[in-house]
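This report concerns the salt bridges of a single structure and the solvent accessibility of the residues that form them. The sequence and the model are shown first.

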Amino acid sequence: MAGYQSPSFVKKLKIDNSLRLPANFGPEREKNRNFVSGHEQLLFTLNSIFMIKRRLYLLSVLTFTAVLFSAREVIPFNEKWEFKKGPFPADSYLNAQKRNSPWETVDLPHTWNAKDMQLRVNSFYEGEAYYRKSYFFPETMKEKRVFLRFEGVGACTEVYINGTLVTSHKGGYSAFACEIGRELCPGQENEILVKADNKARPDVIPVNHSLFGVYGGIYRPVWLIITDPVNIVVTDHASPGVYISQENVSKQKAEITVKIKLSNGTLHPKPVTIENTIYTMEDKKVLSRTEPVQIIPGGLRSYTTRFTLKHPRLWQGRQDPYLYRITTRILEEGKEIDRIDQPLGIRHYEIIAGKGFYLNGKNTPCTE
C-alpha cells in the first residue's frame with residue numbers, strides 16, 4: 001500500500017513559478033556579496049524570506065486540504081517503538097525482571113540480526129523478541145474503524161492491543177492486516193505490543209536456517225489505517241480490496257474487470273454507491289461506472305464492474321511503461337467515504353516454446 005492519494009482537484013492546482021528561490025540564493029550569494037550594496041542586500045534578504053513564507057503557506061494549505069478531504073487515512077506507524085530481544089527465562093520472576101528492564105528505542109524497519117547474521121555463520125539469535133508502542137487515539141476514533149497493516153515480520157507474529165491478542169500470522173514474506181478498533185480505548189494512551197519469532201519450525205517455510213537465515217523483526221514498514229464503518233476491505237490478506245483483471249487485450253480494445261470487496265462494520269444494512277473510473281496517466285477521465293448497492297450488516301460482499309476500453313495505449317515494458325489509473329470510490333448520500341487508487345498497465349504476454357517471450361505480440365528479450 002502506498003500512502004495517501006491526494007484528491008484530483010489538489011493535483012490540478014498549479015504552483016506559480018515565481019515562488020522559486022533566486023538563482024543566487026544560498027552558497028552562490030557569497031560570491032556576489034562584494035557586488036551588492038547593503039541596501040540591496042537587505043531588500044534581497046526580505047524578498048527571499050517572503051518567497052519562502054509563500055511557499056510554506058501554500059504547502060500547508062495543500063496538506064490541510066488533502067487531509068480534510070481524505071476519506072481514508074493511511075499513516076506511517078514506524079517511529080519510536082520500544083524493542084526487547086530474548087531469550088526470556090522460563091522462570092516467571094526472572095522473566096518479569098527481564099521485561100521490566102530498560103527497552104531499546106528503535107524505528108522501523110528493524111531487525112535484530114543486522115550484525116550477528118553477517119558475522120557468524122549458523123550462530124545468530126533466533127527466537128522471540130517484542131516491540132511495543134504507546135499511542136494516543138482521540139475520542140473521534142469511536143466512530144471509525146482502525147487497522148494495522150504489516151508489510152513483513154520475520155517470521156511468526158502475534159499482535160496485542162492493551163493486552164488482548166487481536167491476530168497472529170505465520171510467514172515472514174507476506175503482508176498481513178488486522179482490525180484493532182474494538183480493543184482500543186479512545187481518549188487515552190493505548191499499548192500496541194508485537195511479538196516476533198524467527199525460530200525455525202516445520203509448519204512455516206523455510207523450515208530451517210540451513211539454506212539462508214530468516215531475519216527476525218519487523219523488517220518492513222507498518223501502517224495505521226483509519227476508515228469509516230463501511231469500507232473497501234482492508235483485511236483480505238492485506239490486499240487493497242480492489243482486484244483488476246484484463247482479457248482480450250489488443251491495440252483495438254481491452255476488456256477490464258474490476259472486483260471490489262466491501263465490508264460493513266455496522267449493525268444495519270447500508271445503501272452506498274460504488275464508482276469506478278479509469279483515468280489516463282495525464283489524469284483524463286476515460287470511462288466511469290456507478291452502481292448503487294446494499295451492504296448487509298457485519299458482512300463482506302463482492303461487486304464486479306466491467307469496462308471495454310477502445311484503442312488502449314499498451315504497457316510496453318521499459319520502452320513505454322504507460323499506466324492508467326483506476327479509482328474506486330464508495331459514496332454514501334453523495335459523500336465519499338472510502339477510496340482506493342490502483343495503477344493499471346494494459347498488456348498481453350505469452351511464452352511460446354522455441355521462440356521466447358512475447359509482450360503485446362512482440363518478441364521481447366527478458367533483458368528489456
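Is Asp-236 buried or exposed? In this predicted model, Asp-236 counts as buried, because its relative accessibility is 16% and the cut-off for that class is under 20%.

Asp-236 takes part in a salt bridge with Lys-261, in which the closest N and O atoms are 3.0 Å apart. Lys-261 belongs to strand S13 (residues 253–264), whereas Asp-236 sits in the loop between strand S11 (230–232) and strand S12 (242–247); the pair therefore ties together parts that are 25 residues apart in sequence. Lys-261 is likewise buried, its relative accessible area being 17%.

The search of the whole structure gives 18 salt bridges. Three of them are set out below, with the N to O distance of each pair.

| Salt bridge | Closest N to O distance |
|---|---|
| Lys-261 with Asp-236 | 3.0 Å |
| Lys-142 with Glu-139 | 3.1 Å |
| Arg-313 with Asp-320 | 3.1 Å |

In the pair formed by Lys-142 and Glu-139, Lys-142 counts as exposed because its relative accessibility is 56%, and Glu-139, at 44%, counts as partly exposed.

The side chains of Arg-313 and Asp-320 also meet in a salt bridge. Arg-313 has a relative accessibility of 41% and so counts as partly exposed; Asp-320, at 22%, is placed in the partly exposed class too. Elsewhere, Asp-283, Arg-325, Arg-339 and Asp-341 are joined into one network by salt bridges that share partners.

Terms used:
Residues numbered from 1 in each chain as written. Predicted model: local features only at pLDDT ≥ 70, side-chain atom pairs only at ≥ 80, totals over all residues. Heavy atoms only, no water. Salt bridge = Lys/Arg side-chain N within 4 Å of Asp/Glu carboxyl O. Buried < 20%, exposed > 50% of the residue type's maximum accessible area, 1.4 Å probe, protein only. Helix = DSSP H or I, 4+ residues; strand = E, 2+ residues; numbered from the N terminus.
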